[in-house]
Amino acid sequence: MKNWRVPTIEELTFIIDYTKYNPSTLLPGMKASSYWSSTTYAYGTIFAWGVGFGIGGVGYGDKGYGYYVRCVRGGQSGLFNYKGKRFLKKKDCYLDKKTGLEWSLKNTGPMTWKEAMRIEN
């Protein structure tokens, strides 16, 4: 998976849509489950931040838990005032027109946080 990485907690929270439920996002293919971010919890390095896309809950979990991963690439260069659907399906990803981030087409997992960190590049 070239140039793909586990999203930061900020990037993962960008796709939460609190008007949606099970899953609480418009990104196609997401499960109403927990997803890892690459961000370690500052007050306990055995934990990492994640998002539960059932209701869009943000929290931290033990890095040994099995969560899903949705890889991302690119950076913040979105159109913020985009028109139409937010996520545009391309050949190998979904482009988030709001943030400019590209999201992988499929989920990976569930897996531990350590396993998730190995799938980068």
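This report walks through the fold, the strands, the cores and three residues of one protein.

The model is predicted: local features need pLDDT of at least 70, side-chain atom pairs count only at pLDDT 80 or more, and totals for chains, interfaces and linings use all residues. Residues are numbered from 1 along each chain as its sequence is written, and side-chain values use heavy atoms, with hydrogens and water left out.

## Overall form

The protein has two helices and nine strands. Helices (H or I, at least four residues) and strands (E, at least two) are DSSP runs, numbered from the N terminus. Along the sequence the pattern reads α-β-β-β-β-β-β-β-β-β-α.

The C-alpha atoms fill a box of roughly 40 × 30 × 25 Å, taken along the principal axes. For 121 residues, a compact globule would have a radius of gyration near 14 Å; the protein has 14 Å, which agrees. That radius is taken over C-alpha atoms, and the globule rule is 2.2 Å times the number of residues to the power 0.38.

Of the 121 residues, 42% are buried. Buried means under 20% relative accessible area, exposed over 50%, and partly exposed in between (1.4 Å probe, protein chains only). The protein exposes about 6,800 Å², and carbon and sulfur atoms supply 54% of it. Accessible areas come from the Shrake-Rupley method with a 1.4 Å probe; for residues, only the protein chains shown count as cover.

Contact means heavy atoms within 4.5 Å. Among contacts with a separation of 6 or more, 61% link residues 24 or more positions apart.

## Strands and hairpins

Strands of a sheet pair through backbone hydrogen bonds, either parallel or antiparallel. Here, two strands pair if DSSP finds at least two bridges between them.

Strands β2 and β3 pair in the antiparallel sense over six bridges. Ala48 stands opposite Gly61 in β3. Four residues lie between these strands in their hairpin, where Gly56 takes a positive phi near 85°.

Further along comes an open sheet. Its four strands stand in the order β5-β8-β7-β6, and the pairing is antiparallel. The edge strands are β5 (72-73) and β6 (87-89), each pairing on one side only.

Strands β6 and β7 run antiparallel and are joined by three bridges. Phe87 stands opposite Asp96 in β7. The hairpin from β6 to β7 passes through three residues.

Strands β7 and β8 also pair in the antiparallel sense, over three bridges. Cys93 faces Ser104 in β8, and Leu95 has Glu102 as its bridge partner in β8. Their hairpin has five residues between the strands, and Gly100 takes a positive phi near 85° there.

## The cores

In soluble globular proteins, nonpolar side chains tend to be buried together. A nonpolar core is a set of buried Ala, Val, Leu, Ile, Met, Phe, Trp, Tyr and Cys residues joined through side-chain atoms within 4.5 Å.

The largest nonpolar core has 15 residues; Leu12, Ile15, Leu27, Phe53 and Trp103 touch the most other members. Apart from it lies another core, of 12 residues, among them Ala48, Val69, Cys71 and Met111. Not counting residues up to four places away in sequence, Leu27 touches Ile15, Arg70, Phe87, Tyr94 and Trp103.

## Three residues in strands

| Residue | Strand | Relative accessible area |
|---|---|---|
| Ser37 | β1 (residues 34-40) | 0%, buried |
| Phe47 | β2 | 25%, partly exposed |
| Ser104 | β8 | 7%, buried |

The contacts below leave out residues up to four places away in sequence. Ser37 touches nine residues' worth of the chain, including Val6, Pro7, Leu12, Trp49, Trp113 and Met117. The Ser37 side chain also reaches the backbone nitrogen of Thr39 at 3.1 Å. This is a polar contact: a pair of N or O atoms within 3.5 Å, where, within protein, one must be able to donate a hydrogen and the other to accept it, and residues adjacent in sequence count only if both atoms are side-chain atoms.

Ser104 touches Trp4, Arg70, Cys71 and Tyr94. The side chain of Ser104 reaches the backbone oxygen of Lys106 at 3.1 Å.

Phe47 is in contact with Thr40, Tyr41, Tyr60, Gly61, Asp62 and Lys63. The C-alpha atoms of Phe47 and Val6 are separated by 15 Å, and the two residues are 41 apart along the chain.
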